[in-house]
Amino acid sequence: MALALSTGLIALSPTPIRAVSSAGAPYRVDDLLALEDIGQVEFTKNGALVLIERLRRYDSALSYAEGPWGQRSLGTILAAPADGSRPLQPLFEQESEAGYWMGGFSPSGTKLSVFRLRQHTLDLGVVDILARTVRWLPVVPDMPLLYQRPQWIDDDHLAIVTMTHQRLPAGLALGAATDDSVELWAAQATGIRPSSITVMANHPVPRHSNDREVQIVDVRDGRSRRIYQGPVVDLSVGSKRLALVSLAGASLIDPREPVTAFTNANRYALDVLSLDAGGQPKHIADDIMPGLLTWNPNGTRLLFATRDNGSSWRKPRLRFASFSTLGFAITPGPIEPQVTSGWTLADIKARWSGERLLAEGVGAGKTARWRAARVHGGGLAIEDLPSGQLVASDSRAVTLKIGSSLWRTPLNGRRPRRVARDVMAVGGLPWGGGYLGIRAIMNPPDRDIPLLMQNGETARVAVLQRNGGLSPAMPSPLGADLLAAHVDHAVLRTRDERGAATLWLLRPRHTPLKLATLNEHLAARQMPRVVQVEAVMSDGKKHRHWLLLPNRPAGTSPPPLVVTIYPGQLRDDRPSIGLMRSSFQANQNASILVGHGYAVLLPSLPFSRKQKDPFGALTVDLAHVVEAAEITGAVDANRVAIIGHSFGGDGALAIATRTSRYRAFVAENAPADMGAAYGSLAGHDRTRLESGLPLAMGIGWPEAGQGEMGVAPWQDPRGYTNASPFYALDRIRSPLLLVGGDQDFVSVESAERSFLALTRLARDVTLVRYWGEGHDLLSPANIRDYYEKLFSFLDKRLSSPPDAHDRGGSKDAYGNESPADVQ
C-alpha cells in the first residue's frame with residue numbers, strides 16, 4: 001500500500017541553483033582522505049609574524065588511535081612576516097612524523113608554549129620566537145578539557161597540570177581507552193593483579209584522577225616544583241595567585257527532575273593558591289560551575305558561579321572573590337545570569353569589563369540582554385545594555401552587534417555610537433573554541449577581532465582592536481572565513497565552488513596576499529548539479545530540500561536516489577557544496593555518494609516527540625520530499641535507499657518499520673532501543689571516568705535531549721518502548737545494513753541486538769562493526785572499508801529493475817507480506 005501524500009504540497013524550484021561543468025573526475029573516498037586543514041591562526045603580540053597550524057593530508061597520520069583530537073598529529077606550525085616579505089616557513093625545526101600545535105604566548109609575547117604528539121606520547125615545549133628554537137620540558141602534560149593551554153605566570157614560568165605517569169590526556173582518550181583495555185585484559189590473563197575498576201556513585205574517584213599535579217616550570221632550564229596534587233581539571237593565573245578547580249565528589253541529584261545539561265553529577269571545588277607565599281591553597285567554594293573562571297584585569301577579583309547543593313545549574317549564582325594582603329572576601333554577583341545549554345554543558349555568559357561585571361541576564365521587559373554592574377561605595381549599580389551580541393569589551397565601553405551594525409556603548413551612561421555598518425560576520429575562535437577548551441567558549445580570550453562587512457558584491461574587512469578602535473576597512477574576497485587579526489592586519493580563508501581553499505593576508509593599502517592554498521586536488525573534481533525542491537511538512541511549514549545530481553551523459557536513465565536523513569534537522573539554507581567537499585565528514589558523505597553515481601537528497605525533516613506518532617509523521621514527511629524529487633524527473637524514485645547516522649540511524653530504523661516502499665535502509669551508530677541506551681557509556685568512559693560521572697549523555701540524552709522522554713524508563717516503560725524501533729523490528733521487510741563502533745557512546749550492542757533479532761526473523765540484514773572506532777570513523781582503512789561495504793550493499797539493492805518491492809507488497813523469506821504503510 002502506498003503512502004498517503006494528500007497533505008504534502010510540493011513545489012519545484014524552476015531551475016537548478018547552479019549548473020557546473022562536468023569536466024574532471026568524480027569525487028571519491030581518496031579525495032576525502034587527502035584533505036588538508038587549518039588549525040589555530042595567531043599573530044604574535046607585536047604583530048610581526050602570523051602563525052598558522054597547517055594540518056597535512058588526513059591519510060598521512062602515523063596513528064588514528066587518539067580520537068577526534070588526534071588529527072592534531074598532522075599539524076605543523078608555520079610562520080610568515082606580517083609585512084608579506086617572506087612566505088610561510090616552519091616556526092622551528094619540526095619532525096615529519098609528529099604533530100604540533102600552539103599553546104599560548106608569554107606576557108611579553110616573546111615565547112610560545114607548544115605541544116608535540118608523536119608515537120602515542122604528548123610533550124610540552126616553549127619556543128623562543130626570535131631565535132626560532134624550542135626547549136622541550138621534562139613533564140607529562142595534561143590537557144584539561146576545561147582549558148587545554150598551560151598558564152603563563154611571567155615570561156619565565158609556566159603553571160602546568162601534569163601527570164605522574166606517562167600517558168595521554170583525557171582529550172586524546174580514545175587511544176588511551178584501548179591501551180587501558182589491553183592493560184586490564186593482560187592483568188586478568190596473568191592472574192597476578194586484579195583487573196577491576198571501582199567507581200562509587202556517592203563519591204566518584206575516577207581512575208587516574210589523583211595522579212595529577214600542578215607544577216611551576218622555569219622555562220629557562222626546565223626545572224620544576226610541585227605546588228599541588230589532586231584531581232585538578234582547570235587552573236587560571238591572576239596577579240600572584242593561581243585558581244585551582246578540582247573534582248570534589250558527587251553532587252546530590254534530585255531523582256524527580258529529568259537529567260539535562262543543567263544536571264551535573266559532579267562537584268567542582270575552587271581553591272586559590274598564593275604564588276608568592278606558597279603553602280596550602282585557600283578554599284573558596286565547594287561546588288562551582290565548570291568553565292566559568294575569570295580574573296579581573298589586575299588579578300585581584302575572581303569571577304565564578306555556584307549553585308545550591310542538590311540543585312541543577314538552571315539557576316546559578318554569580319560570585320566574585322576579592323583578594324588582598326589581609327585575605328579574601330566573597331561577594332554575591334548582582335546579576336541573575338541567563339543560562340543556555342547543549343547536551344553536556346550548562347553555559348552562562350559573564351566576564352569582566354575593566355572593574356565592571358558583565359553578564360547576560362534578564363533585564364527590563366524580561367528579555368535576555370547584557371547587564372553591567374560596578375562596585376562603588378559599598379554598593380552595586382546595575383545598567384541594562386542595548387540588546388545585541390557582545391563582540392568585545394574594555395574598561396570604558398562594550399561593543400555590541402545589533403542587526404548588521406556595530407555599536408560602541410560607553411559604560412558611563414552616554415549614548416551608544418555606531419562604529420560600523422553592513423557587518424555580516426564576526427571572527428570567532430578556531431573550531432568554535434572547543435580547540436582551546438570549554439572555558440574558552442564561556443570566557444573568550446581578549447583579542448583583536450576581524451569583521452567582515454559586505455554591501456552588495458563589495459566585501460571589506462576591518463579589525464576591532466582591544467582598545468575599542470576600528471582599523472580602516474580593507475578590500476576582501478567575498479565569502480571569506482575570518483581566522484585572525486592584529487591591529488590592522490587580518491588572515492582570511494576563501495573556498496572556491498569545488499572546495500579548494502586559499503589563505504589570504506590582508507594589510508592596509510595592499511592587495512590581499514596569498515599565504516597558502518589547500519586541497520588543490522579538488523579543482524579537478526566534478527561538481528554535482530544542485531536542485532531545490534519544496535514541500536509542506538508536518539509542522540505546517542513549507543521547507544526547502546536539496547537534490548544533488550551526478551554528471552551523467554545525455555539520454556541516460558535517471559540515477560537511483562539515496563536520502564540522508566536526520567530527524568529535526570532543517571536544511572532550508574542552500575548547502576555549500578565546496579564546504580561539504582572540503583570538510584572531513586567520513587560517514588554518509590554526500591559528495592562521495594554523488595561521485596559513485598547516486599543522486600543524493602538532503603531533506604528538511606521537522607521532528608517533535610509531542611506529536612502523537614512522531615516517527616509516523618517523519619515517514620509521511622519523507623514520502624513528500626521523495627515525491628518532490630521524483631517530480632523533477634531527475635531521479636529514479638523506484639530505486640531509493642534511506643541512510644541515517646546516530647539519531648538519523650534511529651529515524652531510518654523507525655521508517656523501515658513503517659513502510660517498505662524503499663529498496664534499502666542503512667542505520668549507522670543508531671540507538672535502536674531507548675531503554676537500552678539509557679545509562680550507556682562510551683568506550684573511554686568504561687576505563688577512564690576522567691571527568692566524573694557522565695550523566696549528561698548517558699542519562700540526559702534520553703530524558704531531556706533528543707530522546708525527549710522526560711522521565712526514566714521505569715517511570716514510563718511503555719513510552720520508551722513506543723519510542724524504540726527495536727520493539728517493531730518484526731515489521732521490517734526491506735534489506736538493512738547496520739554499522740557500529742566498539743568505542744561509541746551509542747553502544748555497538750544496539751546494532752548487534754538488532755542484527756540478531758532480524759536474523760531470528762529471517763530478514764535481509766548485514767552487520768558491520770569497527771573496533772577502536774567511536775561515533776564517527778577515524779581510520780582511513782576503516783573509512784575505505786565502510787564505503788566499499790556500503791556501495792556493495794546499495795549497488796546490489798538499487799541496480800535491479802523495478803519489482804513488487806518498490807511500492808510495497810514485499811515478502812520475507814517465508815512469504816509473509818510486509819506491514820501496511822503508514823497512512
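**Exercise 1. A buried charge**

D271 is buried yet has no salt bridge. In this predicted model, find which side chain of opposite charge is nearest to D271, and work out what surrounds D271.

*Solution.*
Step 1: Place the residue. D271 sits in strand 16, which covers residues 266-274.
Step 2: Look for the opposite charge. The nearest candidate side chain is R267, and it is 10 Å away. A salt bridge calls for a nitrogen to oxygen distance within 4 Å, and D271 has no such bridge.
Step 3: Look for a polar partner instead. The side chain of D271 makes a polar contact with the side chain of H283, at 3.1 Å.
Step 4: List the surroundings. Leaving out residues up to four places away in sequence, D271 touches L242, A243 and L244, together with P281, K282, H283 and I284.

**Exercise 2. Salt bridges across the chain**

How many salt bridges does a search of the whole structure find? Then take the pairs R118 with E95, R307 with D287, and R351 with D446, and describe where the partners lie and whether they are buried or exposed.

*Solution.*
Step 1: Start with the count. The search finds 35 salt bridges.
Step 2: Take R118 and E95. Their side chains meet at 2.8 Å, N to O. R118 belongs to strand 7 (residues 111-118) and E95 to the loop between strand 5 and strand 6, so this pair ties together parts that are 23 residues apart in sequence. R118 is partly exposed, with 28% relative accessibility, and E95 is partly exposed too, with 35%.
Step 3: Take R307 and D287. This salt bridge has an N to O distance of 2.9 Å. R307 is in the loop between strand 19 and strand 20 (317-324), while D287 is in the loop between strand 17 (282-285) and strand 18, so the parts tied together are 20 residues apart in sequence. Both R307 and D287 are buried.
Step 4: Take R351 and D446. The side chains meet at 3.8 Å, N to O. The pair links distant parts of the chain, 95 residues apart: R351 is in strand 24 (residues 350-353), and D446 is in the loop between helix 3 (438-442) and strand 33 (449-455). R351 counts as buried because its relative accessibility is 15%, and D446 counts as exposed because its value is 56%.
Step 5: Check for shared partners. Salt bridges that share partners join D30, R57, D59 and R784 into one network.

**Exercise 3. A residue in the same loop as E95**

Which residues does E97 contact, once neighbours within four places in sequence are left aside?

*Solution.*
Step 1: Locate the residue. E97 is in the loop between strand 5 (89-90) and strand 6 (99-105).
Step 2: Judge its exposure. E97 counts as exposed because its relative accessibility is 52%, and the cut-off for that class is over 50%.
Step 3: Name the contacts. They are L62 and R118. R118 is also the salt-bridge partner of E95.
Step 4: Add a distance. E97 and L62 are 35 residues apart along the chain, and their C-alpha atoms are separated by 7.0 Å.

**Exercise 4. Edges of an open sheet**

Four strands form an open sheet in the order 18-19-20-21. Which strands stand at the edges?

*Solution.*
Step 1: Read the order and the sense. The pairing in this sheet is antiparallel.
Step 2: Find the ends. Strand 18 (294-295) and strand 21 (327-332) each have a single partner strand, so one side of each is left without a neighbour in the sheet.
Step 3: Zoom in on one edge. Strand 18 pairs with strand 19 (residues 301-306) over two bridges. T294 has L303 in strand 19 as its bridge partner.

**Exercise 5. Positive phi**

Most residues other than glycine have a negative phi. Find where V487 and S646 lie, and compare their phi values with that rule.

*Solution.*
Step 1: Take V487. Its phi is near 55 degrees, a positive value in a residue other than glycine. V487 is found in the loop between strand 36 (481-486) and strand 37 (489-495), and counts as partly exposed because its relative accessibility is 35%.
Step 2: Take S646. Its phi is positive as well, about 60 degrees, although S646 is not a glycine. S646 is in the loop between strand 44 (636-645) and helix 7 (647-656), and is buried, with a relative accessible area of 12%.

Conventions
Residues numbered from 1 in each chain as written. Predicted model: local features only at pLDDT ≥ 70, side-chain atom pairs only at ≥ 80, totals over all residues. Heavy atoms only, no water. Buried < 20%, exposed > 50% of the residue type's maximum accessible area, 1.4 Å probe, protein only. Contact = heavy atoms within 4.5 Å. Pairing = 2+ DSSP bridges. Lys, Arg positive; Asp, Glu negative; His and termini not counted. Polar contact = N/O pair within 3.5 Å; in protein donor to acceptor, adjacent residues only side chain to side chain.
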